[in-house]
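Here is a friendly walk through one molecular model, with the sequence and structure shown for you to follow along.

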Amino acid sequence: MKIASWNVNSVRTRLPTILQWFEETGPDVACLQEIKCQDEQFPNEAFAGLGYTCAVHGQKSYNGVAILSKHPISDVRRGLPSSPDDDHARYIEALITADSGPVRVASIYLPNGNPIDTDKFTYKLGWMARLQSHAKDLLAKEEKLVLAGDYNVIYRDADCWDPSVWTNDALYAKEVRDAFAALMWEGLTDAWLAKDGREHHYTFWDYQRGAWARGHGIHIDHILLSSQAADVLQGVQIHKEARAMEKPSDHVPVMVELDT
DNA sequence: ATGCCACCTTCAAGGTGA
């Protein structure tokens, strides 16, 4: 089963690009972030044409996440638990039932958190704490679990071109990297680190400053796995070629293959 | 120190991202 994660930066603007990539690579499940539309604006029919059922957690203008699947979807959760005051659509989770058995999948758009020293940074840290708490509950189920998304965390120095540029940034702040490590220590495996691990393989290049042409990217999109999912992990790929497509997102897809 | 680019809303220009 191929499971992809992609921050598409507007599903409506990017629809032809997304459909083309789906046709070329054929993911069974796709976790999208930054769809930037409300539920009723989501292009369900276009994806149904390729065989996908969509579970959407949308929002006007900003954020928004979705899970698309060729296999039956059930048990959909929209938003993290214990967040009554959080009106950002940044989390959706669903149970995917393949012929070989179930896999629980989440699409995550973790807050950016900039600038530091504002409530945006506090919100990011609080959101990460709530994600960790929920991940702990999910891991207790001992299922195949895939937490995929745009984590907005530069975890290793080698996940950016020049760490000195990021010293005062919410993507690299010590508290944020510590929070990501704490999440992993609940018992999650980063697919990239487990199956490839090469340094300076990025998933995002800013539209500005000629970042793509200069090779100045960051690796902030991650697919985290429970041990039950990691045990059947066959491989992981960063689809860098998607950054060179027409009207590209600033992020590229990451895709894992599970032997299930 | 700020804008760069590209998206959003809704037609003008400011908010947001990373």
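The report below goes through helix packing, the DNA surface, the backbone and a few single residues.

This is a predicted model, in which local features need pLDDT of at least 70 and side-chain atom pairs count only at pLDDT 80 or more, while totals for chains, interfaces and linings use all residues. Residues are numbered from 1 along each chain as its sequence is written, and chains are lettered from A and ligands numbered from 1 in the order in which they are written.

## Two packed helices

Two packed helices are described by the angle between their axes and the distance between the axes. Here, helix H3 (residues 119-139) and helix H4 (residues 174-185) pack at an angle of about 5 degrees, and their axes are 10 Å apart. Axes are lines fitted to C-alpha atoms, for helices over the stretch in contact, and angles run from 0 to 180 degrees between N-to-C directions. The labels come from DSSP runs, numbered from the N terminus: helices are H or I with at least four residues, strands are E with at least two. H3 and H4 are therefore roughly parallel to each other; angles under 35 degrees count as roughly parallel, over 145 as roughly antiparallel, 65 to 115 as roughly perpendicular and the rest as oblique.

On the H3 side, the contact is made by Lys-124, Leu-125, Met-128, Leu-131, Gln-132 and Ala-135. H4 contributes Glu-175, Val-176, Ala-179, Ala-182 and Leu-183. Two residues are in contact if their C-beta atoms, placed from the backbone, lie within 7 Å. Sorted by class, the contact of H3 with H4 has 8 nonpolar, 1 polar and 2 charged residues. In this scheme Ala, Val, Leu, Ile, Met, Phe, Trp, Tyr, Cys and Pro count as nonpolar, Asp, Glu, Lys and Arg as charged, and the others, Gly among them, as polar.

## The surface near DNA

Which residues are closest to DNA strand B? They are Ser-10, Ser-61, Asn-112, Tyr-207 and Gln-208, among the 18 residues that surround the strand. A residue is near a strand if its C-beta atom, placed from the backbone, lies within 6 Å of it. The residues of this surface divide into 4 nonpolar, 8 polar and 6 charged.

## The two sides of H1

In helix H1 (residues 15-25), the buried residues are Ile-18, Trp-21 and Phe-22. They cover an arc of only 100 degrees around the axis, which puts them on the same side of H1. The arc is that of the directions from the helix axis to the C-beta atoms. Pro-16, Glu-23 and Glu-24 are exposed on the other side of H1. A residue is buried if 20 or more other C-beta atoms lie within 10 Å of its own, exposed if 12 or fewer, and partly exposed in between, with C-beta atoms placed from the backbone. Just after H1 comes Gly-26, with a positive phi of about 60 degrees.

## Backbone points to check

Most residues other than glycine have a negative phi, and most peptide bonds are trans. Glu-34, in the loop between strand E2 (29-33) and helix H2 (44-48), has a positive phi near 55 degrees. Asp-117 lies in the loop between E7 and H3, and its phi is also positive, near 75 degrees. Pro-115 is found in the loop between strand E7 (101-109) and H3. A cis peptide bond joins Asn-114 and Pro-115, with omega about -10 degrees.

## Single residues and their surroundings

The table gives C-beta neighbour counts and the resulting classes.

| Residue | C-beta neighbours within 10 Å | Class |
|---|---|---|
| Glu-34 | 22 | buried |
| Asp-117 | 10 | exposed |
| Val-252 | 23 | buried |
| Asp-190 | 18 | partly exposed |
| Ala-191 | 27 | buried |

Val-252 sits in the loop between strand E11 (233-238) and strand E12 (254-258). Leaving aside neighbours within four places in sequence, Val-252 is in contact with Thr-203, Ile-238, His-239, Lys-240, Ala-242 and Arg-243.

Asp-190 belongs to strand E9 (residues 189-190). Beyond neighbours within four places in sequence, Asp-190 is in contact with Met-184, His-222 and Leu-224.

Ala-191 is in helix H5 (residues 191-195). With neighbours within four places in sequence again left aside, Ala-191 is in contact with Ile-223, Leu-225, Leu-233, Val-236 and Val-256.
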